[in-house]
Amino acid sequence: MTGRCLLCGKCCMQLIFEVPRLQNNRLLREYYKARGCTTKANLVIIPSRCPHLNKDNLCDIHNTKPILCKIDRGRSEKYYRPEGCGFQKTL
Ligand code: SF4
Ligand code: SF4
């Protein structure tokens, strides 16, 4: 994995969950899109800015943030990276 974090905050501006077989289910994809979500493969991406993301795109609860936030999301092979993320690999 190459690249660097641009401190853009995009990874704190969305909720992501996986729906099994979503990519083969057109009706479900249409439903999520109609509700303002994006779908990629089997992922649903919901625009949702975390209330702890401050105006400088830094986390206001850095020392006590959830464990999933402590994972180096930019560098994790498993983590979905938003468009424009400074780390190269995206779905
Ligand atoms: S990991 Fe990627 S999306 Fe998240 S702040 Fe860094 S550059 Fe932005
Ligand atoms: S708690 Fe902090 S690191 Fe986690 S999503 Fe919110 S702003 Fe981002």
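In this predicted model, the shell around ligand 2 is made up of seven nonpolar residues, one polar residue and two charged ones. Ten residues surround this ligand, and the closest include Cys 12, Cys 50 and Cys 59. Leu 53 and Cys 69 also belong to the closest group.

The surroundings of ligand 1 can be described in the same way. Here the shell has eleven residues, with Cys 5, Leu 6, Cys 8, Cys 11 and Cys 85 the closest. Sorted by character, the shell around ligand 1 holds seven nonpolar residues, three polar residues and one that is charged.

Attention now turns to the backbone. Leu 7 has a phi angle near 55°, a positive value in a residue other than glycine. Leu 7 sits in the segment before strand S1, which covers residues 14–18. A positive phi, near 65°, also appears at Asn 57, again a residue other than glycine. Asn 57 lies in the loop that runs between strand S3 (43–47) and helix H2 (67–70). Is Asn 57 buried, partly exposed or exposed? With a relative accessibility of 23%, Asn 57 counts as partly exposed, because the buried class ends at 20%.

Charged side chains come next. Side chains of opposite charge can pair when their charged atoms come close. How many salt bridges does the model contain? The count comes to three.

One of them joins Arg 26 to Glu 30, with 2.8 Å between the closest N and O atoms. Both residues belong to helix H1 (residues 26–34), and because they are four residues apart there, about one helical turn separates them. Glu 30 has a relative accessibility of 42%, so this residue counts as partly exposed.

Another salt bridge brings together the side chains of Glu 83 and Lys 40, at 2.7 Å from N to O. This pair links distant parts of the chain: Glu 83 is in the segment after H2, Lys 40 is in strand S2 (residues 38–40), and the two are 43 residues apart. Glu 83 has a relative accessible area of 52% and is therefore exposed, since the exposed class begins over 50%.

There is also a salt bridge between Lys 55 and Asp 56, whose closest N and O atoms are 3.9 Å apart. Which class of exposure does each partner fall into? Lys 55 is exposed, with a relative accessible area of 76%, whereas Asp 56, at 48%, is partly exposed.

Conventions:
Residues numbered from 1 in each chain as written. Chains lettered and ligands numbered in written order. Predicted model: local features only at pLDDT ≥ 70, side-chain atom pairs only at ≥ 80, totals over all residues. Heavy atoms only, no water. Near = heavy atom within 4 Å. Nonpolar A, V, L, I, M, F, W, Y, C, P; charged D, E, K, R; others polar. Buried < 20%, exposed > 50% of the residue type's maximum accessible area, 1.4 Å probe, protein only. Salt bridge = Lys/Arg side-chain N within 4 Å of Asp/Glu carboxyl O.
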